[in-house]
Amino acid sequence: MASEDVKSGESAVTKIVNLAEEAKLAREGVVNKAPSYAVATICKSLVAGGVAGGVSRTAVAPLERLKILLQVQNPHNIKYNGTIQGLKYIWRTEGFRGLFKGNGTNCARIVPNSAVKFFSYEQASKGILYLYQQQTGNEDAQLTPVLRLGAGACAGIIAMSATYPMDMVRGRITVQTENSPYQYRGMFHALSTVLREEGPRALYKGWLPSVIGVVPYVGLNFAVYESLKDWLIKSKPFGLVNDSSELSVTTRLACGAAAGTVGQTVAYPLDVIRRRMQMGGWNHAASVLTGDGRGKVPLEYTGMVDAFRKTVRHEGFGALYKGLVPNSVKVVPSIALAFVTYEVVKDVLGVEIRISD
């Protein structure tokens, strides 16, 4: 996406506005487009990122919900005990709709999140590449994996921070069951209820571990994905690249799967802590957290370190990886579909338009 050359003679405005695709086309002899084209390209990139996020999350919504339930359920009253059993239990107790509970809120969050994330990544990559070329004095220099990691991390932090309140209430809606004492009726009702009962700071509970987790998760996703693509195009192993140096959808899918596996494994404990912190202070907590009144009340946390300490002390180190199996099953197709859908939608919308010399 953003690993190609940037012409040093471009204007300052173009350096900020143009997307990474224009940098790619510049090396292939394509001239800069008018400002109106740049604006249209930005809009198309945002749409592509939003569609990619919505499609990928909807496809794995049941696994996403089960992962969250496993992460936060009361350890003294276990209802969900594994991927297969958990999905069967949801189906038996809540029906088909139960498998997709919270997905509407998740899509409402993930569409702008993915749009901002992909757009920010392309902008950050281009800016970092320009600075790198100026520092090295080599206009043909390309982004290294470390620089891609930095660009991916910046994009993830910006996108996550912009939509974090939606993620916080999405987590609470997701863990609601029919036995929950109080029901959020939707995203806006949840937002207003949390604001009224817990204050605005509650909407950012778990933000710190989320920011820390963004670095390995989003950063490694982009870095591994882009590096794999570049390596395959340059080395052409096993005949995976055709004469036009284009990767097939299947190959790009595999690159996205590898990227997702690496990122989620490294960052998963932080995701567990984030989710548990989001549930703190919930006056009418879902029955999954309270154990239907038969188990001990859920722990309260004063911060990220306290959450780590109490989780390990009361449940053991393995608690930091609760829900890892369904998350592993979900994250591979989710990340892969997100990358592939993003690039396919860009092609359909005509983001990359070649002109004759």
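Is T93 buried, partly exposed or exposed? With a relative accessible area of 39%, T93 is partly exposed, because that value falls between the 20% under which a residue counts as buried and the 50% over which a residue counts as exposed. Keep in mind as you look around that this is a predicted model.

Let us step back to the whole chain before returning to T93. The chain holds 13 helices and zero strands, so reading along the sequence gives the pattern α-α-α-α-α-α-α-α-α-α-α-α-α. Of its 357 residues, 54% count as buried. Distant parts of the sequence also meet: among contacts between residues at least 6 apart in sequence, 77% join residues at least 24 apart.

T93 offers an example of such distant parts of the sequence. T93 sits in helix α5, which runs over residues 83-99. In sequence, T93 and T177 are 84 residues apart, yet their C-alpha atoms are 8.9 Å apart in space. A little further along the chain is K101, in the loop between α5 and α6. Leaving aside neighbours within four places in sequence, K101 is in contact with R65, E94, I173, T174, Q176, T177 and E178. T177 thus turns up again, this time as a contact of K101. The C-alpha atoms of K101 and R170 are separated by 9.5 Å, although their positions lie 69 residues apart along the chain.

One of the contacts of K101, R65, leads us to helix α4. This helix is mostly covered, with twelve of its twelve residues buried. The buried residues include charged ones, among them E64, R65 and K67, alongside nonpolar ones such as L63, L66 and I68. As for its length, twelve residues at 1.5 Å a residue should span 16 Å, and the end C-alpha atoms of α4 are 17 Å apart, which agrees.

Next, look for the empty space inside the model. Rolling a probe the size of a water molecule over the atoms shows where empty space is left. The count comes to four cavities of 30 Å³ or more. In the largest cavity there is about 530 Å³ of space. Its lining is made of 30 residues, and those nearest its centre are R57, Y217, V218, D271 and R274. Helix α4 appears here too: α4, α6 (103-136), α7 (145-175), α9, α10 and α13 (324-349) each supply at least two residues of this lining. By class, the lining of the largest cavity divides into twelve nonpolar, seven polar and eleven charged residues.

The second largest cavity has a volume of about 180 Å³. It is lined by 17 residues, with K117, F118, N221, I335 and A338 lying nearest its centre. Two or more of the lining residues come from each of α3 (35-59), α6, α9 and α13. The helix that gives the most is α13, with six residues. The lining of this cavity has nine nonpolar, five polar and three charged residues.

Two of the helices named for the largest cavity, α9 and α10, also help to cover another helix. That helix is α12, which takes in residues 304-315. Its twelve residues reach 16 Å from the first C-alpha to the last, close to the 16 Å expected at 1.5 Å a residue. Which residues of α12 are buried? They are M304, D306, A307, K310 and T311. These residues cover an arc of only 155° around the axis, which puts them on the same side of α12. What covers them includes α9 (207-235) and α10 (249-279). On the other side of α12, V305 and R313 are exposed. Just after the helix, G316 takes a positive phi of about 90°.

A last stop is L299, in the loop between α11 (287-290) and α12. Not counting residues up to four places away in sequence, L299 touches K310 and H314. K310 is one of the buried residues of α12, whereas L299 is partly exposed, with a relative accessible area of 33%. The C-alpha atoms of L299 and M279 are separated by 9.5 Å, and the two residues are 20 apart along the chain.

Conventions: Residues are numbered from 1 along each chain as its sequence is written. This is a predicted model: local features need pLDDT of at least 70, side-chain atom pairs count only at pLDDT 80 or more; totals for chains, interfaces and linings use all residues. Side-chain values use heavy atoms; hydrogens and water are left out. Helices (H or I, at least four residues) and strands (E, at least two) are DSSP runs, numbered from the N terminus. The expected span of a helix is 1.5 Å times one less than its number of residues. Buried means under 20% relative accessible area, exposed over 50%, partly exposed in between (1.4 Å probe, protein chains only). The arc is that of the directions from the helix axis to the C-beta atoms. Contact means heavy atoms within 4.5 Å. On a 1 Å grid over the protein atoms alone, a cavity is a set of points where a 1.4 Å probe fits but cannot get out, and a pocket is an open set with protein on both sides within 12 Å along at least five of seven lines; lining residues have an atom within 4 Å of a point. Grid points are joined across faces, edges and corners, and a volume is the space filled by probe spheres set on the points.
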